[in-house]
Amino acid sequence: MNTLLFWAAWFALLCFVASMGFAAFRMLRGPTAQDRVLALDAFYINGMLAMLALGVRSGAEVYFDVALLIGLFGFVGSTAMAKFLLRGEVIEP
């Protein structure tokens, strides 16, 4: 890997971790439940992107599989939370 790609992946990883910190702050201090759900979405997306940046930096393929799992579980979780906030229950009888 050349030097430019190494430092670009390092900078991207730092930016994603900083963004995860801001999203965690919003999850804890969000004035409404909708703000917390949106912050959770931002948190898992930035976590997925951080895993991809780690995968690019190290060259290991396991990071890409973990990023895929984070994306899948995050989507299902945010969909369930949105449905819960909209209707008050996730599974309808």
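Read along the sequence, the protein chain of this predicted model follows the pattern α-α-α. The secondary structure thus listed comprises three helices and zero strands. A look at the overall dimensions fits in well here: the radius of gyration of the protein chain is 16 Å, well over the 12 Å that the globule rule gives for 93 residues, so the chain is more spread out than a compact globule. Along the principal axes, the C-alpha atoms fill a box of roughly 55 × 30 × 10 Å.

Burial and contacts come next. Of the 93 residues in the protein chain, 19% count as buried. Among contacts with a separation of 6 or more, 46% are accounted for by residues 24 or more positions apart. The protein chain exposes about 6,500 Å², and carbon and sulfur atoms supply 74% of that area. As for charge, the chain carries 6 positive and 6 negative charges, and the mean positions of these two sets lie 11 Å apart.

Helix α3 invites a closer look. This helix covers residues 62-87, 26 residues in total, and reaches 38 Å from its first C-alpha to its last. That span is close to the 38 Å expected at 1.5 Å a residue. Within α3, the buried residues include Ala67 and Ser78, together with the glycines Gly71 and Gly74. The partner of this buried set is α2 (33-58), against which the buried residues of α3 pack. Just after α3 comes glycine 88, whose phi is positive, near 95°.

Conventions:
Residues are numbered from 1 along each chain as its sequence is written. This is a predicted model: local features need pLDDT of at least 70, side-chain atom pairs count only at pLDDT 80 or more; totals for chains, interfaces and linings use all residues. Side-chain values use heavy atoms; hydrogens and water are left out. Helices (H or I, at least four residues) and strands (E, at least two) are DSSP runs, numbered from the N terminus. The expected span of a helix is 1.5 Å times one less than its number of residues. Buried means under 20% relative accessible area, exposed over 50%, partly exposed in between (1.4 Å probe, protein chains only). Contact means heavy atoms within 4.5 Å. The radius of gyration is taken over C-alpha atoms; the globule rule is 2.2 Å times the number of residues to the power 0.38. Accessible areas come from the Shrake-Rupley method with a 1.4 Å probe; for residues, only the protein chains shown count as cover. Lys and Arg count as positive and Asp and Glu as negative; His and the chain ends are not counted. The place of a charge is taken as NZ of Lys, CZ of Arg, CG of Asp or CD of Glu.
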